[in-house]
Amino acid sequence: MTDETARQSMAAVGNPFGDGLAAERTEQALGWLIGLQAERPADFTSLTGKDTAAGQGLDGGVAMDAQAVA
């Protein structure tokens, strides 16, 4: 805590626990999967800037639509 450069370096890394919006994204995804939300939510981009894997979005890569779930 006394080394200002080290403190700033550690503070710049970011929150290792995420952005605090996982519950909101989960709610939107589930709403879309069961047909309560018409539009599919945008894919999540992690804090590292990496998008979800191609073909693996809200349904874990399994082809699924809201009608199949309902």
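Contacts that link distant parts of the chain are a good place to start: of the contacts in the protein with a separation of 6 or more, 42% join residues 24 or more positions apart. Keep in mind as you look around that this is a predicted model. Its mean pLDDT is 74, and 64% of the residues reach 70 or more.

The overall plan can be read from one end to the other. The protein has 3 helices and 0 strands, so its elements, followed from the N terminus, read α-α-α. Confidence varies among these elements: helix α2, covering residues 22-33, has the highest mean pLDDT, at 94, while helix α3, covering residues 66-69, has the lowest, at 48. Helix α3 falls in a stretch worth treating with care, since over residues 52-70 the pLDDT stays under 50. For that stretch the model has 22 contacts beyond four places in sequence.

Now turn to helix α2. This helix has 12 residues, and the distance from its first C-alpha to its last is 16 Å, close to the 16 Å expected at 1.5 Å a residue. Several of its residues are buried, namely A29, G31, W32 and L33. L30 also belongs to helix α2. Is L30 buried or partly exposed? L30 counts as partly exposed because its relative accessibility is 49%, and the partly exposed class runs between the 20% limit for buried and the 50% limit for exposed. The C-alpha of L30 is separated by 9.8 Å from that of P41, a residue 11 places away along the chain.

Just beyond the helix there is a backbone detail to find: G35 follows α2 and has a positive phi, near 90°. Further along the chain comes R40, and what does R40 lie over? The answer is the face of W32, with R40 at 5.6 Å from the ring centre. W32 is thus one to look at twice, as a buried residue of α2 and as the ring beneath R40. As for pairs between aromatic rings, a search of the whole structure finds 0.

Finally, step back to view the protein as a whole. Of its 70 residues, 9% are buried. The protein exposes about 5700 Å², and carbon and sulfur atoms supply 57% of that area.

Technical notes
Residues numbered from 1 in each chain as written. Predicted model: local features only at pLDDT ≥ 70, side-chain atom pairs only at ≥ 80, totals over all residues. Heavy atoms only, no water. pLDDT = per-residue confidence, 0-100. Helix = DSSP H or I, 4+ residues; strand = E, 2+ residues; numbered from the N terminus. Contact = heavy atoms within 4.5 Å. Phe/Tyr/Trp six-rings, centres within 6.5 Å; stacked < 30°, edge-to-face > 60°. Lys NZ or Arg CZ within 6 Å of the ring centre and 35° of its normal. Buried < 20%, exposed > 50% of the residue type's maximum accessible area, 1.4 Å probe, protein only. Areas by Shrake-Rupley, 256 points an atom, 1.4 Å probe, with all protein chains shown as cover. Expected span 1.5 Å × (residues − 1).
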